[in-house]
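This report covers the interior of one protein chain. It begins with an enclosed space and then turns to the elements around that space.

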Amino acid sequence: MASRDPIDCKGVLVNIRIRPASSRDSTVVTATADGVSVGNQRGLGGFASRVVQGSDQKAAHSALGGALLEHIWKGYACTLLAYGQTGSGKTYTMFGAPGSLTETALAEARTAGGAPAVPEEWGTFPRTVLELLASRPKLSTHSLHASAVEVYQDAAYDLLDDRKPLAVGSTTRRVGLKLGGGALQAIGKVVDGKGAAESKGADHHGVHPPGCRCGKCFVANKQALAARLAARDAGASKLPALPGKAASTAAKRGVSGGGCSFETRGETLWPLVEASDVARLARTVELTRQTVGHALNARSSRSHCLVTVHLTERPPAKGAARGKSGVARRSRLLFVDLAGSERIKKTGVEGSAKDQALAINGSLTALGKVIRALSTKAAHVPFRDSTLTYLLEPALSGQGKTLMIVNLSPTELSVSESISTLRFGSKVNKVELGKAKRQITAGSTANEKKATR
């Protein structure tokens, strides 16, 4: 299997990680020269760029996720997803072993020569952010912030603000990170304030996209049309606009920058300045996220976790006055730890844990429909079928580059799930997103815009 660069690759790059078996389990899933062997079936997973087996976090990060790091400083938006059945090691791969994400572990980690090091059990998210902090250019003004969103039973919550409910809606243009009043404000406002119809219902958790055909939006459109007709009959010189019309008009004029995207609104942005900030952030996410134990996993995540790292870099402008900066370049690195699919008969969950499992399987089914539509180049892609697919729309619609780590359990009990997971990875590998584009603000110079093509 040849290694491919995620930026040069026009599709979703898929890698495989096989977790080690415990002392009481037999290993029936192994890495081979031509992919993965599952039981007596060989040659599976040939689509993968890399296959890693074992618990070495440093080697796994370097092989599976490290390729994205060098592109973040160039202005690319990148996404790393961890997918697999429950108990396959997704959260271990993405974040690390339970209880290891502490400032104490960071302070005690040392190389053989005594230099500071990354704790051995830390996963690819904290390792990537630490590498970002260490590789910051010295001659630039920049900021690094992170947000953490939990998708639990098809609703979004802020993991950095005691699971405060978040609205999920559409935007026609992002305004970027903004500092004001001594506090960080969230990105993703609609430019004209009229690009989406507000709703207090729970169907879309806040803001409905333009063109939404749900019952609430149908009633709102009907009422708006009635008000417009009444104003016309009364001889008003200016008629009230219909919901969504401003957004569609802006899109025709090129204001939207290529269409509608979906994101949460109002989440906390956590400043990342030093290594201890990374430890506190990762630990907060670990302690706040919903988990439960069952027959296949002592600590099973009951929600999807999306951690976004926002990087804004503004190099000093040539000949600029003191304190002034040049053109801004913004990058976004999204880490997605998907909750594991599970068969309730095997996990033995009941009550609320069973409801959680059904919600997880439902959202993963919605993701499967999106992947199927993208891999077959269908005319319609059902991003609006779930909150999870809402939020993954930018990562799966060609706005950046996406890498998926398919996690496999090596046990005989999980053979059927491992084969199913590999089939899903094969479908993901067929998705074509196009060549990644760098993100430069509207104030870019002609030379910088030319460099992004």
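Val12, Leu81, Leu367, Ile371, Leu396, Thr402, Met404, Phe424 and Val428 line the second largest cavity. The model is a predicted one. That cavity holds about 40 Å³ of space. Its lining consists of 8 nonpolar residues and 1 polar residue, with no charged residues. At least two lining residues come from each of H10, strand E20 (401–408) and helix H12 (415–429).

The structure has 3 cavities of 30 Å³ or more. The two described in this report compare as follows.

| Cavity | Volume | Lining by class |
|---|---|---|
| Largest | about 50 Å³ | 4 nonpolar, 6 polar, 1 charged residues |
| Second largest | about 40 Å³ | 8 nonpolar, 1 polar, no charged residues |

The lining of the largest cavity is made up of Arg17, Gln57, Ala60, His61, Leu64, Gly65, Thr93, Trp122, Gly123, Thr124 and Ile405. Helix H1 (residues 57–65) is the main contributor there, with 5 residues.

**Strand E20**

How many of the residues of E20 are buried? The count is 8 of 8, so the strand is largely enclosed by the rest of the structure. In a regular strand, side chains alternate between the two faces of the sheet. In E20 both faces are covered: one side carries Lys401, Leu403, Ile405 and Asn407, the other carries Thr402, Met404, Val406 and Leu408, and all of these are buried. Two residues of the second of these sides, Thr402 and Met404, also belong to the lining of the second largest cavity. Ile405, from the other side, is among the residues that line the largest cavity.

E20 pairs with strand E1 (residues 13–18) in parallel, through 6 bridges. In this pairing isoleucine 16 stands opposite valine 406. A parallel pairing also links E20 to strand E6 (residues 77–84), over 7 bridges. Here leucine 81 is placed opposite methionine 404. Leu81 and Met404 are both in the lining of the second largest cavity.

**Nonpolar cores**

In soluble globular proteins, nonpolar side chains tend to be buried together. The largest nonpolar core of this model has 45 residues, and those with the most contacts inside it are Ile16, Val36, Leu367, Leu392, Leu396, Met404 and Leu408. Helix H10 (residues 352–375) gives the most to this core, namely 7 residues. A separate core of 43 residues lies apart from it and includes Val52, Ala63, Leu333 and Ile405. Leu367, Leu396 and Met404, named among the residues with the most contacts in the largest core, also line the second largest cavity.

Leucine 408 makes contacts beyond four places in sequence with Ile16, Arg17, Ile18, Arg19, Val29, Val36, Ser88, Ser418, Thr421 and Leu422. One of these, threonine 421, sits in helix H12. Threonine 421 has a relative accessible area of 4%, and it therefore counts as buried. Outside its neighbours within four places in sequence, threonine 421 touches Tyr83, Gly84, Gln85, Val406, Asn407 and Leu408.

**Loop residues**

Which residues other than glycine have a positive phi? Arginine 163 is one of them, with a phi of about 60°. Arginine 163 lies in the loop between strand E8 (155–158) and strand E9 (164–171). Its relative accessible area is 19%, and it is classed as buried because the cut-off is under 20%. Lysine 377 also has a positive phi, near 55°. Its place is the loop between H10 and helix H11 (387–392). At 61% relative accessibility, lysine 377 is exposed.

Threonine 27 is found in the loop between E1 and strand E2 (29–32). With 43% relative accessibility, threonine 27 counts as partly exposed. Ala21, Gln53 and Pro410 are its contacts once neighbours within four places in sequence are left aside. Threonine 27 and glycine 39 are separated by 12 residues in sequence and by 8.9 Å in space, C-alpha to C-alpha.

**Whole chain**

The protein chain contains 13 helices and 20 strands. Of its 453 residues, 49% are buried. Among contacts with a separation of 6 or more, 72% are between residues 24 or more positions apart.

Note on methods:
Residues numbered from 1 in each chain as written. Predicted model: local features only at pLDDT ≥ 70, side-chain atom pairs only at ≥ 80, totals over all residues. Heavy atoms only, no water. Core = buried A, V, L, I, M, F, W, Y, C linked by side-chain atoms within 4.5 Å. Buried < 20%, exposed > 50% of the residue type's maximum accessible area, 1.4 Å probe, protein only. Helix = DSSP H or I, 4+ residues; strand = E, 2+ residues; numbered from the N terminus. Contact = heavy atoms within 4.5 Å. 1 Å grid on protein atoms, 1.4 Å probe; cavity = no way out; pocket = protein on both sides within 12 Å on 5 of 7 lines; lining within 4 Å. Points joined across faces, edges and corners; volume = space filled by probe spheres on them. Nonpolar A, V, L, I, M, F, W, Y, C, P; charged D, E, K, R; others polar. Pairing = 2+ DSSP bridges.
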